[in-house]
Amino acid sequence: MLDVLTCMAKDFAEPLPQLLTGICYSAALTMAYSHFRPEEWYRRSRSRRNRKRLLKLFVFLVYGYMVLWIALFSRPPGSRMGVDLGLFDTWGSSARSKAYVLENIVMTIPLGMMLPMLWKWAGRASACVGAGLLVSGTIEILQYISQRGFMQVDDLITNGVGTLMGWCIWRFFLRNW
C-alpha cells in the first residue's frame, strides 16, 4: 500500500509547476466572464453571492486546466496509442497500475463537487455523473486521436466513480456553500 501511495504522491507532484499557468489562464477567463456579462456583474457586483460564484468558477477553471494538462498536454503526441475495452484491465499486480486506478478516481472527485456548485442541473446525481462521463469520454477520445493516452473503458468507470463520490461529498457536506 505504501508503494501505491508513493506512486500517487509522485504523480500528483508532477503537474504542480503548471499550477501558476493554470491560475493565470483561469483568472483571465474569470475576468472575461464577468466583463461579458456586464448586466449581471453590475447588478450583483457587490453581492457576496456573485463573488462566491466567480470564485467557484475560477477554481473550476484552474481544475479544468490541470486535468487537461495531466491527461493530454503532459505527454508528447504519438507517445501512447491503443484502445483497451476490457473491464478492470488497468488494475494489475504492480503498485503503479493500482495507483493509476486510484488517481483516476481522485482526479474526478472535484468535478463531482464543483458541477452542482456551479450549475443547478448538476444537483441530481444522474446529471452530475452523466456530465462527468461525458467529460471523461471526451478526454479519452482526445487522447486516442492525439495518441497521448490509451483509450480505456476502465478510465470511464473510475472517472464515473470519482464524479459520483464528489457529488456525494457535495450533497452531504457542501450543498449550502
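**Exercise 1.** In this predicted model, determine in which sense α5 passes α6, left-handed or right-handed, and which residues make the contact.

*Solution.*
Step 1. Look at the two helices where they cross: α5 passes α6 in a right-handed crossing.
Step 2. List the residues in contact. Helix α5 contributes Leu-111, Gly-112, Leu-115 and Pro-116, while α6 contributes Cys-128, Ala-131, Gly-132 and Val-135.
Step 3. Sort them by class. The contact of α5 with α6 has six nonpolar and two polar residues, and no charged ones.

**Exercise 2.** Find the angle at which the axes of α5 and α6 cross, and name the class of this arrangement.

*Solution.*
Step 1. Two packed helices are described by the angle between their axes and the distance between the axes.
Step 2. Helix α5 covers residues 95-118 and helix α6 residues 125-146. Their axes come within 10 Å and cross at roughly 120°.
Step 3. Angles of 65 to 115 degrees count as roughly perpendicular and those over 145 as roughly antiparallel. Therefore α5 is oblique to α6.

**Exercise 3.** State how many salt bridges a search of the whole structure finds, and describe the side chains that meet.

*Solution.*
Step 1. The search finds one salt bridge.
Step 2. Asp-11 and Arg-96 meet through their side chains, at 2.4 Å from N to O.
Step 3. Place the partners: Asp-11 lies in helix α1 (residues 2-13) and Arg-96 in helix α5. They are 85 residues apart, so the pair links distant parts of the chain.
Step 4. Check accessibility. Buried means under 20%, so Asp-11, at 18% relative accessibility, counts as buried. Arg-96, at 24%, counts as partly exposed.

How values were computed
Residues numbered from 1 in each chain as written. Predicted model: local features only at pLDDT ≥ 70, side-chain atom pairs only at ≥ 80, totals over all residues. Heavy atoms only, no water. Axes fitted to C-alpha atoms, helices over the stretch in contact; angles between N-to-C directions. Helix = DSSP H or I, 4+ residues; strand = E, 2+ residues; numbered from the N terminus. Parallel < 35°, antiparallel > 145°, perpendicular 65-115°, else oblique. Left-handed = near helix turned anticlockwise from the far one by under 90°. Contact = heavy atoms within 4.5 Å. Nonpolar A, V, L, I, M, F, W, Y, C, P; charged D, E, K, R; others polar. Salt bridge = Lys/Arg side-chain N within 4 Å of Asp/Glu carboxyl O. Buried < 20%, exposed > 50% of the residue type's maximum accessible area, 1.4 Å probe, protein only.
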